[in-house]
Amino acid sequence: MATRRVDFSATEILVGRAVALAILIAAPLVNGQLYFIHVMALAMIAAISALGMQLLLGFSGQLSMGQAAFFGIGAYTSGILTKNFGVPFLVAFVISGLAAAISSLTLAPITRLRGVYLAIATLGFTIIVSLVLRNEEWLTGGSFGLMAIPRPSVGPLVLSEKGIYFLCLLVLVFVYVAFNRLVDSRFGRALQAIMLDEVAARSSGINVTLYKSKCFVIAALVTGFAGCLFAHHSRYLNPDDFSFWKSIEILIMVAVGGIGSMAGAIIGAFVVVLLPEYLRAVEEWRLVIFGALLILFMGLGQSGIVGLISLTLFRARAALRKRAHGLPRSGSVSP
């Protein structure tokens, strides 16, 4: 698959982040329809889980099919604690992330695996969790699901649909900022070294298994938080929402947005969640068009939509330089 260089200036990155944040803040204020706010909140929850997958795949080279399991563990943990035991939402939020992170420790031994072998092993974990959610009716409600999950609250304040939207936005911004700092740290550089050449990284003194296990735990923690938000936003949980298809959906988000880009994970999540919803107008052609668009996005290469934006800006800068200096265009984008 062809790839393109993703290259943005510091100013472009700053402007892009400011514009995106302004749009997300203004969106529910401009369009107050509950359905719009509901779908946008779902997209932000998906973006949080996609950031976890991006950390695994885009910065450590680990292809995991277990994200749906962590998403489900976080969702059911928070739903059960708040509904059955009256645990405050903020406490349940923290516990849901920790539950997903602790469960990921069971996968620490298989982080030695790579590529399709790791994917199949984590897929097995997702299947096990899905079966537990479906069969342990005394705890999860089984096939009937977990119903009447309370709305999230902060102290005595119960959040409305718009309040849940801004809560999801707050968590998304926090995770995005934290992950960007993480990948620029020594830990992040070690992960990228492992992704580029695991043998060379081990020869350089990097404890590969330890770093990959830490990466798994961090990604599971964040995905558990996303599951908690999903539970209290939807207020109903069904085991079918956390099958291996959910892991595939999260993987598609990362691939569409651009592997190796945190912003790409967010863009991909919005595309995958919003496109099918707003293609409902074409009824039976909705999934056909969505599938065709996915094929088109995959044709952009590993850099995805972010790579396309980078290529467009590169050509725009080259055209402006040519017009300003009267010189032939120079430079090219690496294939």
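1. Against which helices do the buried residues of α12 pack? In this predicted model, they pack against α1, α2, α7, α11 (244-257), α13 (286-298) and α14 (304-325). The buried residues in question are M262, G264, A265, I266, G268, A269, F270, V271, V272, V273, L274 and P276. Because 12 of the 17 residues of α12 are buried, this helix is largely enclosed by the rest of the structure.

2. The length of α12 (residues 262-278) was checked against its geometry. Its 17 residues should span 24 Å at 1.5 Å a residue, and the end C-alpha atoms are 24 Å apart, which agrees.

3. F270, one of the buried residues of α12, also deserves comment for its place in the nonpolar core. The largest such core has 90 residues, and the members that touch the most others are L51, L229, L237 and F270. The element that gives the most to this core is helix α2 (residues 34-60), with 18 residues. When neighbours within four places in sequence are left aside, F270 is in contact with L24, M40, A43, M44, A47 and L275.

4. Helix α4 (residues 89-104) passes the corresponding length check: its 16 residues should span 22 Å at 1.5 Å a residue, and its end C-alpha atoms are 23 Å apart, which agrees. The buried residues of α4 are F89, A92, F93, S96, G97, A100, A101, S103 and S104. Their cover includes α3 (67-84), α5 (115-135), β1 (153-154), α7 (161-183) and α10 (208-234).

5. Two of the elements covering α4, namely α3 and α10, also pack on each other, with axes 7 Å apart and an angle of about 50°. The two helices are therefore oblique to each other, since this angle falls in none of the parallel, antiparallel or perpendicular ranges. Their crossing is right-handed. On the α3 side the contact is made by Q67, F70, F71, G74, A75, S78, G79 and T82, and on the α10 side by F216, A219, A220, T223, G224, A226, G227, C228, F230, A231 and H232.

6. For α1 and α7, the axes come within 10 Å and cross at roughly 165°. An angle over 145 degrees counts as roughly antiparallel, so α1 is placed in that class relative to α7. The crossing of this pair is right-handed. From α1, the residues R17, L21, L24, I25, A27, P28 and L29 meet K162, Y165, F166, L169, V173, Y176 and N180 of α7. Among these, L24 of α1 is also a contact of F270.

7. How are α2 and α11 oriented to each other? They pack at an angle of about 75°, with their axes 9 Å apart, and are therefore roughly perpendicular to each other. The contact involves A46, S49, A50, M53, Q54 and L57 of α2, together with S247, I250, L251, M253 and V254 of α11. Both helices also take part in the packing around α12.

8. Is V30, in helix α1 (residues 10-30), buried or exposed? V30 is exposed, because its relative accessible area of 72% is over the 50% cut-off. V30 and I127 are 97 residues apart in sequence, and their C-alpha atoms are 42 Å apart in space.

Technical notes: Residues numbered from 1 in each chain as written. Predicted model: local features only at pLDDT ≥ 70, side-chain atom pairs only at ≥ 80, totals over all residues. Heavy atoms only, no water. Helix = DSSP H or I, 4+ residues; strand = E, 2+ residues; numbered from the N terminus. Expected span 1.5 Å × (residues − 1). Buried < 20%, exposed > 50% of the residue type's maximum accessible area, 1.4 Å probe, protein only. Contact = heavy atoms within 4.5 Å. Core = buried A, V, L, I, M, F, W, Y, C linked by side-chain atoms within 4.5 Å. Axes fitted to C-alpha atoms, helices over the stretch in contact; angles between N-to-C directions. Parallel < 35°, antiparallel > 145°, perpendicular 65-115°, else oblique. Left-handed = near helix turned anticlockwise from the far one by under 90°.
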